[in-house]
Amino acid sequence: MSTESSATTNDNLRTAEFAVSGMTCASCVARVEKMLKRMPGVESVAVNLATEKATVHASEAVSDNQLVAAITKAGYEAARIAPEAPPAPEPARGWDGELAAVAGSALVTLPLLAPMFGLDLPTWLQLALASVVQFGFGARVYAGGYRAVRALAGNMDLLVALGTSATWGVSVYQMAAHGGGMSHLYFEAAAVVITLVRFGKWLETCAKRQTTDAIRALNALRPSVARVRDAADPLREREVPLADVRIGDIVVVRPGERVPVDGMVREGRTHVDESLITGESLPVAKEPGAHTTSSSINREGVVAIETTAVGAETTLARIIRLVESAQAEKAPIQRLIDRVSAVFVPVILGIALVTMAGGLLHGANVETAVLNAVAVLVITCPCALGLATPTAIMAGTGVAARHGILIKDAQALERAHAIEIVAFDKTGTLTVGRPSLIAFDAAPDVLRDDALAMAAAVQRLSEHPLAKAAVEAAATLSSRPVFGASDVTDARAVAGRGVEARIGERRVAIGSVRWLAELHATVPAALAIRARDLEAQGNTVSWLIERRDDGSRALALLAFGDTVKPTARAAIDRLARMGVHVALVTGDNAGSAKAVARVLGIAPERVFAQTLPDDKARVIAQLKTSARGIVAMAGDGINDAPALAAADIGIAMASSTDVAIEAASITLMRGDPALVADAIDISRRTYRKIRQNLFWAFVYNLIGVPLAALGMLDPMFAGAAMASSSVSVVTNALLLRQWRGQAGGASADTRTGNPITRPA
């Protein structure tokens with residue numbers, strides 16, 4: 001898989017990734033990590049059994065060759081993954097070499113079961129068939145066991161190799177003792193165990209492939225070529241490899257094609273399917289000036305896009321790196337597994353020896369004592385322990401990414417299940433983040449449509465955000481045609497006060513309360529009361545004023561404010577149903593904050609207004625002191641970065657600044673607050689899967705080992721149980737792939753808001 005495997009993490013540390021082959025269980029993982037951590041200059045190590053990767057944070061003084069040598073010394077093969085390595089090809093599914101080996105082993109083993117059904121099979125043939133399985137198809141098991149012995153450690157292969165070899169050896173001894181005649185042999189037990197182990201590893205490999213499907217799907221969607229417009233001849237286009245596209249190039253995308261680069265639309269209009277990146281189900285309108293994301297699908301028109309990012313700097317590439325990083329990291333609960341794995345194999349070997357010695361001391365014959373010890377060795381499965389956590393983490397982060405939730409590390413995914421309080425920023429997080437006209441009231445003797453048309457005519461001359469909001473609202477709400485450019489004359493801006501112009505014979509101004517007072521304009525009592533109410537809610541009030549020689553008068557008031565996102569109330573309600581408390585932390589005034597809190601149902605005591613960036617961080621610290629669980633912060637601005645960093649878990653919205661995203665543990669690719677609840681939900685489900693997997697991994701051993709030690713478990717059944725334990729934990733983790741978030745696909749209104757809805 002393509003990954004940013006070498007990067008400077010600070011002045012002295014770098015990150016390198018290695019593909020590690022030969023690992024079979026949690027003990028293998030522990031041994032590789034232990035060997036790497038012993039090296040001077042290595043800061044931290046994370047080895048993932050499911051992806052067969054080792055991620056090493058080390059000083060620049062530690063070379064790749066030294067790290068590879070350490071892994072080799074531990075008994076495994078390693079190769080550096082280059083920073084810009086191409087995506088790994090999809091592993092073969094179906095009749096591949098591994099499956100052929102399993103099938104061959106099964107065919108050779110089948111005749112050995114004949115004596116179990118009362119059929120005779122010559123002992124020499126049993127020996128020949130069993131030896132083919134034991135030392136031919138079982139060669140991989142011996143190789144893994146040898147690596148463990150060479151490293152003075154143990155793993156699953158060593159347990160299986162010892163157990164099946166002992167069974168095979170007892171059978172050979174029985175043949176020799178009886179001169180090659182018929183006797184009670186156990187060749188079938190050893191052969192069945194080897195076959196089941198190979199079969200279980202094949203199933204496990206197939207299942208593990210599915211946990212990386214999210215990354216593979218993202219990699220597969222990268223276009224390989226782009227259609228670039230010739231700078232010298234704009235009418236000429238040429239297809240070039242994507243790697244040759246440079247920033248500033250104009251890329252032409254036709255309907256049905258994938259957008260090859262991140263960029264900005266320069267020509268054309270279309271709708272683009274961005275569900276891959278944002279999880280949003282509806283196509284998004286794109287027109288000149290709109291940003292595009294690589295690998296999204298152009299649905300309609302031809303567009304020309306100016307390239308702003310290529311290769312590793314595109315949004316898709318960053319998403320892939322983020323998901324890969326999360327899948328490579330270890331969850332906190334994995335530390336328990338690592339401690340258990342470090343002593344697991346030696347303990348099992350000790351139990352097997354005690355079982356054999358105990359059987360002999362209590363009068364059992366050698367065959368029975370050995371078979372009981374073999375069953376103990378075979379039933380144990382440290383492989384299941386090693387897969388329990390990483391497969392669930394990989395499945396959880398993968399399905400979250402497909403729904404527009406990017407989780408930086410496994411720790412955030414695991415800890416988010418315990419979130420007790422989510423503190424939301426207001427502007428841009430719960431609200432749209434840009435002003436809109438939320439109220440327009442005309443004087444009693446003035447027609448509302450006429451006043452709105454005059455306001456739009458004057459404001460059209462201004463680039464101020466409030467002016468644009470008024471013009472947009474007039475186009476939607478007024479039934480009267482807007483005045484043309486020829487109707488508006490003598491327009492001028494009055495610094496710090498507003499703008500004025502002449503419309504026909506009337507001199508009209510739009511300005512602040514201050515200008516209204518300076519002009520001594522008369523204001524109808526109803527409008528004055530309405531203005532006070534709107535200002536108390538934190539809105540900005542402007543006035544439409546007619547200036548005359550005999551005095552000025554107010555024709556209408558305009559109230560501007562941010563608008564609550566349509567999904568915000570449902571998001572807050574769902575968090576409440578999940579048992580999560582919500583706080584509002586904003587730099588806006590108290591009136592605006594309380595108005596939003598009322599609309600969204602946030603308790604007044606959890607509203608913190610007029611907070612500077614440092615104040616936001618202090619509020620988070622205060623919430624953490626009072627909370628028993630995890631405190632999360634959701635925001636999108638530079639001023640939110642200190643609070644995002646101070647929170648146990650920071651959640652950055654799609655529109656967030658780079659600073660906010662860098663400080664956050666979770667990034668929501670869609671500006672929908674409902675995704676916060678989805679992120680908590682997938683964390684809870686993932687954590688539940690981890691606990692279920694660990695339960696089953698331990699239960700197999702807690703039940704199986706005593707049964708085997710007491711002679712109540714045949715080695716063949718022990719082998720079947722061992723194989724099924726690994727497959728069961730991986731399959732259980734894969735059930736997370738069926739998760740569907742409740743946030744759903746957002747419409748364009750979720751991002752742009754709806755003028756004149758709820759006050760904010």
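**Close-up views of a predicted model**

**View 1. Helix 21 and its two sides.** The exposed residues Arg618, Thr625 and Ser626 sit on the face of helix 21 turned away from its buried side (exposed means over 50% relative accessible area, buried under 20%, with a 1.4 Å probe and protein chains only). Helices (H or I, at least four residues) and strands (E, at least two) are DSSP runs, numbered from the N terminus. This is a predicted model, in which local features need pLDDT of at least 70 and side-chain atom pairs count only at pLDDT 80 or more, while totals for chains, interfaces and linings use all residues. Residues are numbered from 1 along each chain as its sequence is written, and side-chain values use heavy atoms, leaving out hydrogens and water.

**View 2. The buried side of helix 21.** Here you meet Lys616, Ala617, Val619, Ile620 and Leu623, the buried residues of helix 21. They line one face of the helix, because they fall within an arc of 155° seen down its axis (the arc of directions from the helix axis to the C-beta atoms). Their cover includes strand 16 (419-424), strand 25 (630-635) and helix 22 (641-646), where contact means heavy atoms within 4.5 Å.

**View 3. Ala677 in helix 24.** Ala677 is found in helix 24 and counts as buried, at 0% relative accessibility. Not counting residues up to four places away in sequence, Ala677 touches Arg574, Leu575 and Met578. Gly741 lies 64 residues from Ala677 along the chain, yet their C-alpha atoms are separated by 8.8 Å.
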